[in-house]
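User: I'd like to practise reading a fold from its contacts and burial. Can you walk me through this one?

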Amino acid sequence: MEPAGFYQNAPPDLSMPSFIVVVNSKSGSALDPEQWKTFADPEQFPVWIKLDDVDDIVAAINQQRPSGQRCRILAAGGDGTIHAVAQHQIQADATCEYAVIPVGSGNDLARSLAMPLNPVAAWAVATLGPVHWIDVIECTWDDGHCLATNMVTIGNTGAFLRDLTPEVKQRWGPFCYLRGVVDVAVNLQTFHADIALDGGKPEHREFLNCFIANGRTSGGGLTVAPGAKLDDGLAEVVLIRDGESPEIAGLVGQYAVGDFLAHHLVESRQAREIRIESAEELPCTVDGEVFTTRTLQLKVRPRSFAMVAPVLGPAQERGVAAS
Ligand SMILES: [Mg+2]
């Protein structure tokens, strides 16, 4: 049975939308667009846009979208692909829906949505599944502006995750972010910033990583915000402080994700608005896209993004509120 409230803000629309397929042939394990087309009815899916340049994608969608009609945009790629497509939402009207077909290397938003990671199964959900309105995080920095669908990171993350083997990620899970696990492979830096939540007084913080999470995972399934809900109007702010973690060695590869937030070097809060200022350039990522900035302003836009997600069974869950 679907968790209560799943349909509360999105009554089922049984009419068939127009489809636009956006394919990022560069992302992770994506198939070539020509291969995708072999299992899609060309009459039902007449419009295919190849994502070569993120800046052009919004214009391409607008050009191809039938005006005034319900339209579902299928984004086949990774988190960067759905991120690029999501920027369309900045200027779109309510007739656009979005679905991710996770064929990238990370697929973190898809994981929080509980989308199948098998592309063919995901295609079925993306075309036939119901819409759920999720939050997005509006991001403004020194020289940029965008909507984040899954995760904003500040600090070491983004660089060092690429250096970790799948075995290390699997063994240590979110504890990868603490010193003692990864600093044998990479040079972790500490960063300083003033962080203000919900208009409160800025607090000066020193950290290895800071995550502003809409979804639960970052870096290809590494959980950083186990309790994050995609539709509760709140971002999870998870800060990893620097320090020695003698108990890390004692974990011996066994961890419970829930224990991560209880670690004495991990802080977790919730906020609707976050303002970050620093005297130094902070390395940041938004849904995997890299930039640097000294100021960063984040604001949750509650339930403003019409995202397709599967109907779940009783034993399954996703990062959306149950009530
Ligand atoms: Mg949330």
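User: Let's begin with the core. Which residues of the largest nonpolar core touch the most other members?

Analyst: Keep in mind that this is a predicted model. To read a core, look for the members that touch many others. Here the largest nonpolar core has 88 residues, and Val22, Ile73, Leu74, Ala75, Tyr98 and Ile101 touch the most other members. Strand 16 (residues 289-308) gives the most to this core, namely seven residues. The core also takes at least three residues from each of domain 1 (18-135 + 303-318) and domain 2 (140-302).

User: If I click on Ile73, which residues is it in contact with, leaving aside neighbours within four places in sequence?

Analyst: You'll find Ile20, Val22, Ile61, Val85, Cys96 and Tyr98. Two names there, Val22 and Tyr98, were also in the list of core residues that touch the most other members.

User: Now the strands. Which ones does strand 1 pair with, and in what sense?

Analyst: For pairing, follow the bridges from one strand to the next. Strand 1 (residues 18-23) pairs with strand 3 (residues 71-77) in the parallel sense, over six bridges, and Ser18 stands opposite Cys71. Strand 1 also pairs with strand 2 (residues 47-50), again in the parallel sense, over four bridges; Val21 has Trp48 as its bridge partner there. Side chains alternate between the two faces of the sheet in a regular strand. Even so, strand 1 is mostly covered, with five of its six residues buried.

User: And how many residues of helix 3 are buried?

Analyst: In an α-helix there are 3.6 residues a turn, so residues three or four places apart point the same way. Helix 3 (residues 79-86) has eight of its eight residues buried. Those include the polar-looking entries you might pause at, Asp79, Thr81 and His83. Val85, which is in contact with Ile73, is one of the buried residues of helix 3 too.

User: What about odd backbone angles? Which residues have a positive phi without being glycine?

Analyst: Check the angle, then the setting. Asp198 has a positive phi of about 50° and is in the loop between strand 8 and strand 9 (203-207). Asp287 has a positive phi near 50°, and its loop runs between strand 15 (273-286) and strand 16.

User: Are they buried or exposed, and why?

Analyst: Count C-beta neighbours. Asp198 is exposed because 12 other C-beta atoms lie within 10 Å. Asp287 counts as buried because it has 28 other C-beta atoms within 10 Å.

User: Let's try Phe207 in strand 9. Why does Phe207 count as buried?

Analyst: Because Phe207 has 21 C-beta neighbours inside 10 Å, and the cut-off for buried is 20 or more. Beyond four places in sequence, its contacts include Gly155, Phe191, Leu239 and Asp242. The C-alpha atoms of Phe207 and His192 are 6.5 Å apart, with their positions 15 residues apart along the chain.

User: Last thing: where is pLDDT lowest and highest among the elements?

Analyst: Compare the element means. Helix 7 (residues 248-251) has the lowest, at 60, and strand 8 (residues 191-197) the highest, at 98. The protein averages 83, and 80% of the residues score at least 70. Over residues 1-8 pLDDT stays under 50, and the model has eleven contacts beyond four places in sequence for them.

How values were computed. Residues are numbered from 1 along each chain as its sequence is written. A nonpolar core is a set of buried Ala, Val, Leu, Ile, Met, Phe, Trp, Tyr and Cys residues joined through C-beta atoms within 7 Å. Helices (H or I, at least four residues) and strands (E, at least two) are DSSP runs, numbered from the N terminus. Domain bounds come from an automatic or database domain assignment. Two residues are in contact if their C-beta atoms, placed from the backbone, lie within 7 Å. pLDDT is the predictor's confidence in each residue, from 0 to 100. Two strands pair if DSSP finds at least two bridges between them.
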